Amino acid sequence: MSPIFRRTEKKKPADRTVTLIGKPGCHLCDDAQLVIEKVCAEVGAAWEKKDITQDEELHRAYWEQIPVVLVDGEQHTFWRVDEERLRRELVG
């Protein structure tokens, strides 16, 4: 069977990592963090926070979009985090 048609195994939520990229004093970042904390606690996923003011590469890549949310290193969303969409992404 062609690799295109093979199903890839979904990761379990416990094997997923959500990354919040933001900066201090950003109210949208604070709102995003609350949603991420809630959803990750519910599904058992890990999450981390990165500060664009401490990382020049992140600053160049994302300064106009913060907060930015990555799931397993891939951009999931920016500005506002939809709780249901993030949950669906993590649990499949």
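The legends below describe close-up views of a predicted model.

**View 1. The protein chain as a whole, with its 3 helices and 4 strands.** Read along the sequence, the secondary structure elements of this predicted model follow the order β-α-β-α-β-β-α. Taken along the principal axes, the box filled by the C-alpha atoms of the protein chain is roughly 50 × 30 × 20 Å. The protein chain has 92 residues, of which 36% count as buried, and the area that the chain exposes is about 6400 Å², with 49% of this supplied by carbon and sulfur atoms. When contacts between residues at least 6 apart in sequence are considered, 65% of them join residues that are at least 24 apart.

**View 2. The disulfide of Cys 26 and Cys 29.** A search of the whole structure gives 1 disulfide, and this link is formed by Cys 26 and Cys 29, whose sulfur atoms lie 2.5 Å apart. The link of Cys 26 and Cys 29 is right-handed, with 75° about the S-S bond, and both of these cysteines are buried. Cys 40, by contrast, takes part in no disulfide, and the cysteine sulfur nearest to it, which belongs to Cys 29, is 16 Å away. Because a disulfide requires a pair of cysteine sulfur atoms within 2.5 Å, the distance of 16 Å to the sulfur of Cys 29 leaves Cys 40 without such a link. Cys 40 is nevertheless buried, its relative accessible area being 3%.

**View 3. The parallel pairing of strands β1 and β2.** Strand β1, which comprises residues 17-22, pairs with strand β2, which comprises residues 46-51, in the parallel sense and over 6 bridges. From β1 the chain crosses to β2 through helix α1, residues 27-43, and the resulting β-α-β crossover is right-handed. Within the pairing of these strands, Leu 20 has Lys 49 in β2 as its bridge partner.

**View 4. Gln 33 of helix α1 and its surroundings.** Gln 33 has its place in helix α1, and because its relative accessible area of 15% lies under 20%, the residue counts as buried. The side chains of Gln 33 and Lys 49 are joined by a polar contact of 2.8 Å. If neighbours within four places in sequence are left aside, the residues in contact with Gln 33 are Leu 20, Trp 47 and Lys 49; of these, Leu 20 and Lys 49 are also bridge partners.

**View 5. Leu 86 in helix α3 and the residues in contact with it.** Leu 86 is found in helix α3, which spans residues 83-91, and the residue is buried, with a relative accessible area of 0%. Its contacts, leaving aside neighbours within four places in sequence, are made with Val 18, Ile 36, Val 39, Val 71, His 76 and Val 81. Although Leu 86 and Arg 16 are 70 residues apart along the chain, their C-alpha atoms are separated by 12 Å.

**View 6. Glu 84, a partly exposed residue of helix α3.** Glu 84 has its place in helix α3, the helix in which Leu 86 is also found. Because the relative accessible area of Glu 84 is 43%, which falls between the limits of 20% and 50%, this residue counts as partly exposed, whereas Leu 86 is buried. The C-alpha atoms of Glu 84 and Thr 17 are separated by 17 Å, the two residues being 67 residues apart along the chain.

Terms used. Residues are numbered from 1 along each chain as its sequence is written. This is a predicted model: local features need pLDDT of at least 70, side-chain atom pairs count only at pLDDT 80 or more; totals for chains, interfaces and linings use all residues. Side-chain values use heavy atoms; hydrogens and water are left out. Buried means under 20% relative accessible area, exposed over 50%, partly exposed in between (1.4 Å probe, protein chains only). Two strands pair if DSSP finds at least two bridges between them. Helices (H or I, at least four residues) and strands (E, at least two) are DSSP runs, numbered from the N terminus. A crossover is right-handed if, with the strands pointing away from the viewer, the path from the first strand over the helix to the second runs clockwise. Contact means heavy atoms within 4.5 Å. Accessible areas come from the Shrake-Rupley method with a 1.4 Å probe; for residues, only the protein chains shown count as cover. A polar contact is a pair of N or O atoms within 3.5 Å; within protein, one must be able to donate a hydrogen and the other to accept it, and residues adjacent in sequence count only if both atoms are side-chain atoms.
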